[in-house]
Amino acid sequence: MRDCVRLVASRLLPDAARAPDDDEGDEDEESPSKEEVRAAMQERIPANAIFIGSLNDEVCNWTSWELDDPFYLVPWRADGFAWALFRLTWDDNWGRYEGEPISRISGVTEAKKAVRR
């Protein structure tokens, strides 16, 4: 199943938009802001994707980290599935967003019902 879900991500978001690593690029160049990185990643999302909502929080334990995960549903007409669910997830350790597949959904035609599954 995980291989199938990875396929969803590779088709939707082939490369993660992210801030350059510390050892990459010109030292005079400023790293893009979190908002710029998110905007670049969102540009890769298909136009027919449906924004479902976001999870935004700060997790506090022995350290803290930020959660910023917008979720999307996109029509997926392959391998007997009708929808694919994925999210962008913020990695505050590396300063980048990554596309993360969640699942594929079959047996429903309406987006509202697909989200409930």
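Which residue stands opposite W83 in strand 4? I105 does. The views below come from a predicted model.

**View 1. Strand 3 pairs with strand 4.** The two strands run in the antiparallel sense and share 9 bridges. Strand 4 covers residues 96-105. W83 stands opposite I105 of strand 4. R87 has its own counterpart there, E100. The hairpin of strand 3 and strand 4 has 4 residues between the strands. In this hairpin, G95 takes a positive phi near 65°.

**View 2. Strand 2 pairs with strand 3.** Strand 2 spans 64-78, and strand 3 spans 81-91. Their pairing is antiparallel, over 6 bridges. Y72 has F86 of strand 3 as its bridge partner. Strand 3 thus appears in both views: it pairs with strand 2 and with strand 4. How many of the 11 residues of strand 3 are buried? The count is 9, so strand 3 is largely enclosed by the rest of the structure.

**View 3. D79 sits in the loop between strand 2 and strand 3.** The hairpin of these strands has 2 residues between them. D79 has a phi near 55°. That value is positive, in a residue other than glycine. Is D79 buried or exposed? D79 is exposed, because its relative accessible area is 56%, and the cut-off for exposed is over 50%.

**View 4. W90 and Y97 form an aromatic pair.** The structure holds 3 aromatic pairs. In the pair of W90 and Y97, the ring centres lie 4.8 Å apart. The planes meet at 55°, so the pair is tilted. An angle over 60 degrees would count as edge-to-face. Both rings belong to buried residues: W90 has a relative accessible area of 12%, and Y97 has 0%. W90 also has a charged neighbour, as K34 lies over the face of its ring. The distance from K34 to the ring centre is 5.2 Å.

**View 5. Three aromatic residues form one cluster.** The members are F51, Y72 and F86. Two of these names return from View 2: Y72 and F86 are bridge partners. The cluster therefore joins a bridged pair with F51.

**View 6. R77 lies over the face of W83.** The distance from R77 to the ring centre is 5.7 Å. W83 is also the residue of the opening question, standing opposite I105 in strand 4.

Terms used. Residues are numbered from 1 along each chain as its sequence is written. This is a predicted model: local features need pLDDT of at least 70, side-chain atom pairs count only at pLDDT 80 or more; totals for chains, interfaces and linings use all residues. Side-chain values use heavy atoms; hydrogens and water are left out. Rings of Phe, Tyr and Trp (its six-membered ring) pair if their centres lie within 6.5 Å; planes under 30 degrees apart count as stacked, over 60 as edge-to-face and the rest as tilted. Buried means under 20% relative accessible area, exposed over 50%, partly exposed in between (1.4 Å probe, protein chains only). A charge sits over a ring if NZ of Lys or CZ of Arg is within 6 Å of the ring centre and within 35 degrees of the ring normal. Two strands pair if DSSP finds at least two bridges between them.
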